[in-house]
Each structure stands twice: as C-alpha cells, then as structure tokens.
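Biologist: I should like to learn how helix packing and pockets are read from a model. Please take me through some examples.

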Amino acid sequence: MQLSTKVFIGFAIGILAGVFFKEQAMLIKPIGDLFLNLIKMIVVPLVAFSIASGISNMGDIGKLKRVGSKTLLFYIVTTALSGMIGLAVAHLLAPGNGFEMSHISTESVEIKEMASFSETILNMVPVNPIQALAEGNLMQIIVFSAFFGVGMTLMGKKSEPTKKLADNLTEIMLKVTGVIMTFSPYGVAALIAASVGEYGLEIFGPLAKFILADYVGMICVVLFLYVFMLKFIAKVSLKKFFKHIPEVWAVTASTTSSSGSLPVTMKVAEDKFGVKSELAGFSLPLGATINMNGAAVYFAVGIIFVAQIYGVEMTLFEQFMTIIMATLISIGSPGIPGGGIVMMVMLLNTMGLPAHIIGLIAAIYRIIDMGHSTLNVTGDMVSTLCIARLENLFEEGTANNAMKPK
C-alpha cells in the first residue's frame, strides 16, 4: 500500500474518531504533536542546505537570474489571480448577506502594528544568521542561504568541496524526511481526530456560507488557474499530477502549515515528478514563505464578507485595492498555523472595516486554514513544474514521462 493511501486512510479514521469520541479524541493529540515536532525539526536545516545547494548547482549567475525572476513572477501573479478569483466568488455567493449580527463576537485579537515597507525589507536580512537559524526565521534563513549559494557559484571550482557538502547534507535531510514520513498516517489521524473532537461539526453553524465561499474560491483556483498552468505551461499529465499531489495534501491539511509540509512537497516534486533538486531546493522553500494563493482567496472573501455584513458598498477601485493589499499581505503572511487570523485583522484595519467578526472567524479558522495551506503548497508545486518545463529542469528521462499518466 502506498504511503499516500495510508495517509488518507489515517485522515478518514481521524475524522470518524473525532465525531465518535468527541472531546475524548483529544487524548491522542500528543501523537499528532509529536509528528508536528518531527516535521518542524527538519524544516530549518532542510531549507538552509537545499537553498544553498540549489543555487550553487544552477551553474551560472545568468541561469540563476532567469530562474529566480521567473519564480518570483509566478508566485506574485498566481497570488494576485487567486485574490481576483476569491473576489469574484464572494460577489457571486454573497456570504455576508443575511448574516445574523448576534453571532458576532467582540472578542479582541491582540495584534502588533503593521511594519512599514522599509522595515519589512530590513527584517528579511539577518543581522546574525546563527540567531535566524535558532529562531527558525525562514525568510532570513532563505536570504542568507541564497547569498551563500551565490558565493559558491561565483567561486567556481574552488567551492566544489563545499558544494558537495551542501548536496550531501540536503540528501541526508531528505532521507530523514522519508523516515519521518513513515509515521505520517498516525500523526495525521491524531491531528484530525483532535481538531474534529475539539470543535465538533457544529463549528460550521453561523459561518457556513463564509466557509462555503472560501472553499468554492479555492476549488475555482485549482480548476481555472492550476489546471490551465499544468496543461499549457508545465505540460504535465493531469492524471499523474492528481495521483501524486494528494500525498502532499493530506499532510498539509493536517499540519495547516506550508513550511511544515515543505519536506514532503520537496520529496514529491523530486521523486514523483522528476524536478531537479537545484530547482526544487530553491523554489519550494521560497514558495512556502511568499506564495500564499489560499491566503489571497481567504482575504478577498473575508473583506467582501465583512463589507456585506455591515452594509458597506465598496467601489471598483476599493475592490482593486483589496486585491493589491491581499496580494501584499499574503506574500508577507507567515507560513504557520493561525498566521492568517492576525493578517486578516491587519487587512480589515487597513481597509477601514470593523474587525469584531475576527473572534468568530478564529473559532473556525482551523477548518478553513486546512484548505488555505493545501492550496498554497499546490500552487508552489504547480509553479515549480511550470518553471521546470520552461527551463528544462527535469531529471534526465523524466521530462517526457512527466507528461504521461503513470
């Protein structure tokens, strides 16, 4: 039985256990927490080694510029388009119309003041790389590792021993990932059981229409954006893609973390689709940090939802600004569980809309965040496959196989 099948069986068992045992299902949550800790344990070294190794193996600065610019372009454009799709779906389904105001919680959510653009740029660069590694600051780790990789590339043959070390360390971390993933069916089952047991199915209550609009928006992104990219840019068999991507979906939905599922995403990209490690090691860690297609849908739907609740008519310009702000905030969102709650408050405040609803959204956020994180990593994979096709960065013998169902 394939691991992906085992993981989905665990996912289904977890849902049933949560429904049947309710709060008692929380007793097995430590098993899920242990799985999460094992995943978190390997994220930082994997990102650091794979980014440095991937960049150094590009071979020359010209190639790195091409691949890097295309990666950023794909991530920014797909995030903006996802926000536009979310906006269209929100207008179509009107999730805020008819919402019962008595459900609104005035529970406050503590947030920090939003950093300015200059502060955001400065915070990306680590003053102390060792501290960034210790704190697990992925963006700072990516920046330092990128410079380290560029340095190795510029040194040419002199850096060969260091390149080989980075390659070997990356390979070791991927092997460790494989070992940890054998534990994933049990971890996924425990996490899902605990979530369903803690909140119950009644969490869908007053916010059912909001949850529906959010998920419909995400499904539309897959059907109208990702399928188009896979078919006409990546030229990858849709049958093959949807056969192997569920292995990533199950882990992402249970961890609700783009960063936490990164080891699995990289393993699937390289082993199942034949993406060269130099690209997978560069684009996927970067995507886990800045590519937030699911978050863009959520922010767009959330803004319209709140505006409709309070009867605020938004002009076309204001809706356009919603997309811009959603894209920028999505790119700045941390790829961690719950990051979207704080970011939504920031966006509502920026757009001048009341943020009282956030207390109620926070109660069901885990359910919708499962979809956001899953869409995020799917977008990372789709964009990476597109770049691999455009730059011919598939392993020998797999470039054509990627187009064939297997």
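Modeller: Let us begin with a helix pair. Helix 2 (residues 29-56) and helix 7 (residues 160-181) pack at about 155 degrees, their axes lying 8 Å apart. Helices are DSSP runs of H or I with at least four residues, numbered from the N terminus. Axes are lines fitted to C-alpha atoms over the stretch in contact, and angles between N-to-C directions run from 0 to 180 degrees. The model is predicted: local features need pLDDT of at least 70, side-chain atom pairs count only at pLDDT 80 or more, and totals for chains, interfaces and linings use all residues. Residues are numbered from 1 along each chain as its sequence is written, and side-chain values use heavy atoms, without hydrogens and water.

Biologist: What orientation does helix 2 have relative to helix 7?

Modeller: The angle makes helix 2 roughly antiparallel to helix 7; that label applies over 145 degrees, with under 35 roughly parallel, 65 to 115 roughly perpendicular and the rest oblique. The crossing of helix 2 and helix 7 is left-handed, that is, the near helix is turned anticlockwise from the far one by less than a right angle, whereas clockwise would be right-handed. Among the contact residues (heavy atoms within 4.5 Å) are Phe35 and Leu38 of helix 2 and Leu169 and Met173 of helix 7. By class, this contact of helix 2 with helix 7 has 15 nonpolar, five polar and two charged residues. Here Ala, Val, Leu, Ile, Met, Phe, Trp, Tyr, Cys and Pro count as nonpolar, Asp, Glu, Lys and Arg as charged, and the others, Gly among them, as polar.

Biologist: At what angle do helix 9 and helix 14 cross?

Modeller: Helix 9 and helix 14 (residues 293-309) cross at roughly 135 degrees, and their axes come within 9 Å. Helix 9 is therefore oblique to helix 14, and their crossing is right-handed.

Biologist: How is empty space located, and what volume does the second largest pocket have?

Modeller: Rolling a probe the size of a water molecule over the atoms reveals where space is left empty. A pocket is an open set of points on a 1 Å grid over the protein atoms alone where a 1.4 Å probe fits, with protein on both sides within 12 Å along at least five of seven lines; lining residues have an atom within 4 Å of a point. The second largest pocket has a volume of about 330 Å³, the space filled by probe spheres set on the points, which are joined across faces, edges and corners. Its lining has 14 residues, with Tyr215, Trp249, Met370, Gly371 and Thr374 nearest the centre. Helix 17 gives the most to this lining of the second largest pocket, five residues.

How values were computed
Helices (H or I, at least four residues) and strands (E, at least two) are DSSP runs, numbered from the N terminus.
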